[in-house]
Amino acid sequence: MKLKSMIYSLASLIAKLILNLLYLLELFLFLRLILKFFGASKNALVVRQIYEWSNFFVSPFDSIFPNFWQRGYFIETSVLAAMAGYAILVYAFFKILRLD
């Protein structure tokens, strides 16, 4: 009985860790989306670093949908696709392993 409780506790801890990592990734991608939306300068070190670091997560979703300009603002659809894709991936992972 004690082993089962420990395994459940470990699974719960892993699930919380995965969710927290997802939240951080989503926040990071949202920051990239906002910076691109308002046309933040790539000359700024912080902006350049955010773009470079987030390219790893966004690159699998490049060219799924075309990016577009809307009333002078740039909307990078690959970031939106990445945010949705990673959320769906984690949701499916939890459903398959029944960690929800």
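These are my notebook entries on a predicted model of one protein chain.

**Entry 1: overall layout**

I began with the secondary structure. The protein chain has three helices and two strands. Reading from the N terminus, I get the order α-α-β-β-α.

Next I looked up the dimensions. The C-alpha trace spans about 60 × 30 × 20 Å along its principal axes. I then checked the radius of gyration, which is 18 Å for the protein chain, against a value near 13 Å for a compact globule of 100 residues.

**Entry 2: surface and contacts**

How much of the chain counts as buried? I find 27% of the 100 residues in that class. The accessible surface comes to about 7500 Å². Carbon and sulfur atoms hold 71% of that surface.

I also looked at sequence separation. Among contacts with a separation of 6 or more, 56% join residues 24 or more positions apart.

**Entry 3: α1 against α3**

I turned to the helix pair α1 and α3. Helix α1 covers residues 2-37, and helix α3 covers residues 77-97. Their axes come within 9 Å and cross at roughly 170 degrees. An angle over 145 degrees counts as roughly antiparallel, so that is how α1 and α3 run relative to each other.

I listed who makes the contact. From α1 come A15, I18, L19, L22, L25, E26, L29, F30, R32 and L33. From α3 come V79, L80, A82, M83, Y86, A87, V90, F93 and F94. I sorted these residues by type: 17 are nonpolar, none is polar and two are charged.

**Entry 4: Y86**

I picked one residue of that contact for a closer look. Y86 sits in helix α3. Is Y86 buried or exposed? Its relative accessibility is 15%. The cut-off for buried is under 20%, so Y86 counts as buried.

What does Y86 touch, beyond its neighbours within four places in sequence? I find L22, L25, E26 and L29 among its partners. The others are F57, P60 and F61. L22, L25, E26 and L29 also appear on the α1 side of the helix contact.

I measured nothing by hand here; the C-alpha distance from Y86 to S63 is computed as 17 Å. The two residues are 23 apart in sequence.

**Entry 5: S63**

That took me to S63. It lies in the loop between α2 (45-58) and β1 (68-70). I checked its backbone. Phi of S63 is near 65 degrees, a positive value, and S63 is not a glycine. Most residues other than glycine have a negative phi. I looked up the exposure as well. S63 has a relative accessible area of 70% and is exposed.

**Entry 6: the β1-β2 loop**

Where else is phi positive without a glycine? I noted R71, with about 55 degrees. R71 belongs to the loop between β1 and β2 (73-75). Its relative accessible area is 77%, and R71 is exposed.

I then went to G72, found in the loop between β1 and β2 too. G72 counts as exposed at 60% relative accessibility. I checked its distance to F37. The C-alpha atoms of G72 and F37 are separated by 9.0 Å. Along the chain, G72 and F37 are 35 residues apart.

**Entry 7: recap**

I close with the points to keep. Helices α1 and α3 are roughly antiparallel. Y86 of α3 is buried. S63 is exposed, and R71 is exposed.

Note on methods
Residues numbered from 1 in each chain as written. Predicted model: local features only at pLDDT ≥ 70, side-chain atom pairs only at ≥ 80, totals over all residues. Heavy atoms only, no water. Axes fitted to C-alpha atoms, helices over the stretch in contact; angles between N-to-C directions. Helix = DSSP H or I, 4+ residues; strand = E, 2+ residues; numbered from the N terminus. Parallel < 35°, antiparallel > 145°, perpendicular 65-115°, else oblique. Contact = heavy atoms within 4.5 Å. Nonpolar A, V, L, I, M, F, W, Y, C, P; charged D, E, K, R; others polar. Rg over C-alpha atoms; globule rule 2.2 N^0.38 Å. Buried < 20%, exposed > 50% of the residue type's maximum accessible area, 1.4 Å probe, protein only. Areas by Shrake-Rupley, 256 points an atom, 1.4 Å probe, with all protein chains shown as cover.
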